[in-house]
Every structure is written in C-alpha cells, then in structure tokens.
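Q: I've got a model open and I'd like to learn how to read its sheets and its cysteines. Can we walk through it together?

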Amino acid sequence: MPIRLRVDGREVVLERPTTILNAARAAGVDVPSLCYDERLDPYGSCRLCLVEVKGRGLVAACTTPAEDGMEVETETPEVVRHRRQILSMLAERYPAGQAPGRLGELLRRYGVEPSGVEDPRLVDDRHPWIGVDLNRCVLCFNCVRACEGYVGRLIWRAAYRGRQTLVIPETGSLSTSSCISCRACVDVCPSGAIFDKVMASARPTAWGQAACSLCSVSCPVRVGYEGDRPVYVEVVNDGAGPSAAGCLKGRYRWEDLVYVPERPQASLLRRDGRLVPVSTDEALDEVARALREAAREDPRSVGVIVASRLPMEAYYLAQLVARVGLGTNNVDVAASLLPSYREAVELAGSPLSTMPLERLSRSRTIVVVGGGLEEAHGGLGHFVRLRALHGEARLVLVAPEGDRLASAADVHLATGELAGALRALESALVDLGLARPTAGGGELSSRAFSLRGRHRDLSSSAGLDVRVVEEAARLISDGPTSFVLELNDEEGVYREAYVLAELSGNIGREGAGVVPLLSAYDNAEGSLAGVAPDRLPGLVGLEERGRFEEAWRARVPDEPGMSTGEILEAAAEGRMRALLVVGELASPSRLREQILEALRRVPFVATVGPLASTTTLSASRAHLLSASHVEEEGVYMAVDGTLRLAKGTRARAPAMRAWEIMSSLLSRLGHWRRYGSASEAWDELRSLVPWLSGATYERLSAGPLRALPRSGEGIGPRP
C-alpha cells in the first residue's frame, strides 16, 4: 500500500517505506543535514535535520520513518531556532571566512558567520592528491563511515573525547596510511575538511566537453584544461539519463589515465627485450609494416581486437583497418568473450538496453541483478539507490551477501547463483498466477511455463528462502518493472533476466525493459560500428557488403572472420602472425594467464591505449600512445543508444586520439582516403547506417540524441 503524508502542506505519495528526510527530498523540500549521505546508513549525529511532526514534536528526519497520515513541518520557528543554535556551535570552531560546500550553504541560509581560529597543526598537505584541514571538520563522521562501509577500509578514526574530539587518519597522516586514493572521503565531506588537491588548485584556461568512458552509461562531463593538460572534471546533467552526481569513478578516476607513472611519455617499441620510447611516426610505421607483411602472407593470420570503450569514429576506423587495410574480417570487440554479450545479441537483436535509461524514473519496481552496481556504474547505482530511498520505486536486489545496495533494497535475494535465482523467480511467477507474458513472447515464455510447480525446489537450489522469492515475484509482477543487469562472465544471467522480463510483461512497456551493463570489456556498442566478424556497420550482414565496397573502394572478404575467442584460440595454436589490440585485453578476464600465453605465441602484437597495460608489458612488440577519454573527441554511445559528442581541446602530445591512430594506420596500409577529422569519419559512417543519418555533429552539439538500431527508425529525440 502506498504511504501518504504531508510535508509543508504538500502531499507526498511513497511506493515503499522510507524516512521523513527522504520523503521530504522526494517532494522537493530541502531538509538540512551534514551527516546524511544516501550511500551511508543514517547516523543522526548532526541533528540539523530536526523537523516538527504534528502530535509528536521535534524528531530527526534522517532516522524517523515516514508514516501514513503524518503531517510534517520543516521550517517552524522552533525548528529554525534549533538549527541556528547547532550551526552557531559549529561556527565557533570553524575558521573565519567563506565556508565551502554544504556547510557554507547552510551557514549562509541561517545567517551564521564562522569565527574560529586556524590551527596550522591540523593541516596536512603531504598526500599527493588529497588535502586535509581538520580546522574545518564538523565531526559528521561521514569519512569514517564511508571508508569502512563504502570502501571496506579503516583509514579514518575518531581520537580523543568531548570538545577535543578529532577525526584523523590511521597513522596521523594520509601520506603514510594505507589510503588507496579513492576519494570516497572527499566525496562525502560536507565542510571542506577533506578535499581533492588536483581539482581544488585547478585554474582552467579552456574548457571542453567529453563523455566519461569508464562505464556503460557514458555520462557527460565538462573538462577544464591548463594548456593541453586536463586539470578539472565536473559532472553535467543533460537530462538524457541518470545523473552521475554520486559517481566517484567519473569524477576522479580520469587522473589515473593521465597522471599516473604507468602512462608512457611516448609510444614504445620493444628492442633487445625492452620497451623503449620512440617517435609516434616511427611506432606507426613499424606497426603498419608488421601488419601489412603478415596480411600479405595470409590475411587469416592477422586480426584486430578492441578491448576498450572508444568513440564510434574510432570503432568504425578500426574495422576499416581490418577489412580494407588488412583484407580480413578478423575484427571483434572483446565483449564477445562474455556469454552475456552473446545472449543479448541473440535475444534482443543488439547489445543495447531495451529501454532508455531516463525511463527508469517511470519504473515502479527496479530489479538489480549482480553485485557491485554502485562500484562499477556509480551514477546509475546512485540513481537507483535514491529512487528506492525516496520511496519512488521498490528495489529487488539479486546479488551476493554484503552488496552495497542491500541497505536500500525492499527485497534482497542474497545469492551468488544469479541465473538460478532468476529461474526460481520465473517459476514463482507461474505458480502464483502472476505471469503475464509479453504479446508474441513465444518460445521463451513457454519454456518458463515448463518450470511450473518448481519454485520451491529452485529457490532451495539457489540458497534462497522461498518466501523471499515469492515476495520478489509479487513486486516484479506489479510493474512497470525494469531489470538492471551488472553482468560478468556467468552464463545464462542475461537470458534468464530477459525471460523473466518477458514473462512478467515488461518488454516493450513504458518504464520497463532490460538494461545490460558490462563491467569488464565494456565496449559492446562497437559492434554497431562494424567491429564484429560477421556484421558490417549498422549490424548489416556480409551479404550486403556491395554498397560498403562501393563507398570504401575496396573489396570486403565474403567469409565471416574469427571472433575474439577464436582469434585467441588460433593464437594459442600458433596460427596468428600479427594482432592489433586496442585497450587492455588480459587483466579484466579471469583467463588472464591463458590470454597472455596465447598473445606471447603471436610473432607481432601491437597495443593501443593511454597506459602501458599488462598486455603491453607482457606481450606487445609496439605500443601506440592514445588519449584518455577526457582528451578524446568523437561520438560516444551509451548502453541505451544515447549519443553524446565529446569535444576536448587537444590531446597531450605525443598521445593521439583513437580515430587519429586508426586513420594513420589506414593511410600507411594504403587506403585511398585520408581522414582529416573525426567528423569526416562520422559522416561516412552516417552515410552507411540509416539509423545514424540524422545525428550530425551540429545536432549533437545542441544535446544528446538516441539511436534506434532495432526498429530502424533512425535518430530519435530523447524520449
């Protein structure tokens, strides 16, 4: 039953139980708090969230459940008096001057001025990326709780008592602690006591727009540059999907691609067993020579594997390197190594989501399958958490014990047997009379009905309480329901989730569908640009190669090439002479050692990437230094087909953008066309793929668009 209450006279309707604080924020009422963070369990230490409940007096909104019929006032004279008193006590010890962040906002809101004195002994500037000024600490303990509960470490701790209480690192200084520089403490600090030094000291002289390539959502970001150096990144909400405001990866991990020691200062060639810096032209010449000679001997012995997320122009040019430059269809994304990728293509027709991500806001129930959504896809995970905490949707979590989202879930099916748990849910839908198959569901739904009468046994096999499974089945049937899948290499998870969505009538329904997310080899969208052994750009079969040959002025082999798995198998058997690997192929896989051993058997392996990766250091004869995503340009495609244009200022020399590397290799391999810009490659791709034809750079500069490859309807506006 929905919960109805009034907050400052506004009626609020909640789909699930939550706190007064979350109910108020769902209604657009900003109840002050310093210690509350949606990613952490409510703590109630700052007491700024006090509100007045009719018949009960003052209560802490962050820890008090919202109840049906409750009447809440958030700014009565008594409430304001308490808040001003609390803020005045904090201001006595906070250094005089402008306070940053949430604290500064609240001090100004309630007319309180900081009056404390700076103590230099409480300032620690020794950590390379994180600054600490405990003069500004408000003892919310968010850093302690985030480090322990959110990251799983114990860096921060409370010391002393009473007015002498301090929150300090384990060794007294972050620089000597076991801090991993994740910046979770920076992200949850409301007062500026812990801050990111790189971003805080940045003075950008130019700005560019980019799309984050660190997960499937491709959130838009704004990048600040000093010269050609990226120094600042901020999240932008363009309205085409969940906001990445709660994502640590997009906000901070870009530095790991730009400023870490693992980033070479130049392209590399292996000489006398060592990788040595060389000029970009020398490296490109050597890579083109080796690939050309191997292809001349036998085109079936060369191949191109893309293992990282790239702009669509770079994907497109990479498949041209294989097909036109080398005369082979041995080109594939590394995502094809994952069963979930193959299942998505088989069942849904493409590896993309069946629904726009922004339509998740219309889901009555959200089912998250797989662990680590908030770690791997932070913006989307944060969005799901907020929807659940604010009582706007029910959350069913199918993930191992201890998953971070469990604290926000209505039902947690705690198991590592994900496919088994989904089969138990399918059977429960049938047995409880809740199945409503999507029209035309056919074979998949029929197969699910064969599980009739087995939901108790299937629940037991997955280690689940049958009552919990039945409760989850009821929530799923009361849709619209969306299924967000954090996929790994477990076979059958996508298939069973798709069957469950179809069986419950949640395919092709508003606010319902299946969203596949890949943590490893997150580049499935490359297949839509032609990075596939049996599909040309636009998911077109090789039998339609005629119009592509005309555009490219080159013959396209008529036989399908090898998939990534088949290329690696051939490499292990000594049948591959040369490979071009874009991104890191070995480390994301549990088969890392087998992959590296296979690559070592290939006479010539060239890698492309911003870092000297495990694959590069172990097996590569040449490495071409590429730009990071904050320096890239081109069109990124999100998991739901949303297209966003990245326009950096320029890449830090000698790194080249991915399209430039592929274009340079094409020229050296004899292709007639020289691409002078990313837009030239994009326009050629658009001319060959009807459902991309309307996505000009001009239109994308005005905002994101959504590609619709399944229906062939072309570019659509944001739904």
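A: Sure, and keep in mind that this is a predicted model. Let's start with one pair of residues: Gly-131 has Phe-195, in β10, as its bridge partner.

Q: Which strands does that bridge belong to, and in what sense do they pair?

A: In general, strands of a sheet pair through backbone hydrogen bonds, either parallel or antiparallel. Here β7 (residues 130–133) and β10 pair in the antiparallel sense, over three bridges. They belong to an open sheet of three strands, ordered β6-β7-β10, with antiparallel pairing. β6 (123–124) and β10 (194–196) are at the edges with a single partner strand each, so one side of each has no neighbour in the sheet.

Q: What is the strand order in the sheet of five strands?

A: That open sheet runs β2-β1-β5-β3-β4, and its pairing is mixed. Its edges are β2 (10–14) and β4 (57–60), each with a single partner strand. On average, neighbouring strands here are turned by 35° against each other, ignoring direction. β1 (residues 3–7) pairs with β2 in the antiparallel sense over five bridges, and Leu-5 sits opposite Val-12 in β2. Helix α2 (residues 77–93) packs on this sheet and touches β3 (50–53), β4 and β5 (71–73).

Q: Now the cysteines: why is there no bond between Cys-62 and Cys-49?

A: A disulfide is a covalent bond between the sulfur atoms of two cysteines. The cut-off is 2.5 Å, and the sulfur of Cys-62 is 3.8 Å from its closest cysteine sulfur, in Cys-49, so that is too far for a bond. Cys-62 is also buried, at 0% relative accessibility.

Q: How far is Cys-189 from its closest cysteine sulfur?

A: Its sulfur is 6.1 Å from that of Cys-140, again too far for a bond. The count comes to zero disulfides.

Technical notes:
Residues are numbered from 1 along each chain as its sequence is written. This is a predicted model: local features need pLDDT of at least 70, side-chain atom pairs count only at pLDDT 80 or more; totals for chains, interfaces and linings use all residues. Side-chain values use heavy atoms; hydrogens and water are left out. Buried means under 20% relative accessible area, exposed over 50%, partly exposed in between (1.4 Å probe, protein chains only). Two strands pair if DSSP finds at least two bridges between them. Helices (H or I, at least four residues) and strands (E, at least two) are DSSP runs, numbered from the N terminus. Axes are lines fitted to C-alpha atoms, for helices over the stretch in contact, and angles run from 0 to 180 degrees between N-to-C directions. Contact means heavy atoms within 4.5 Å.
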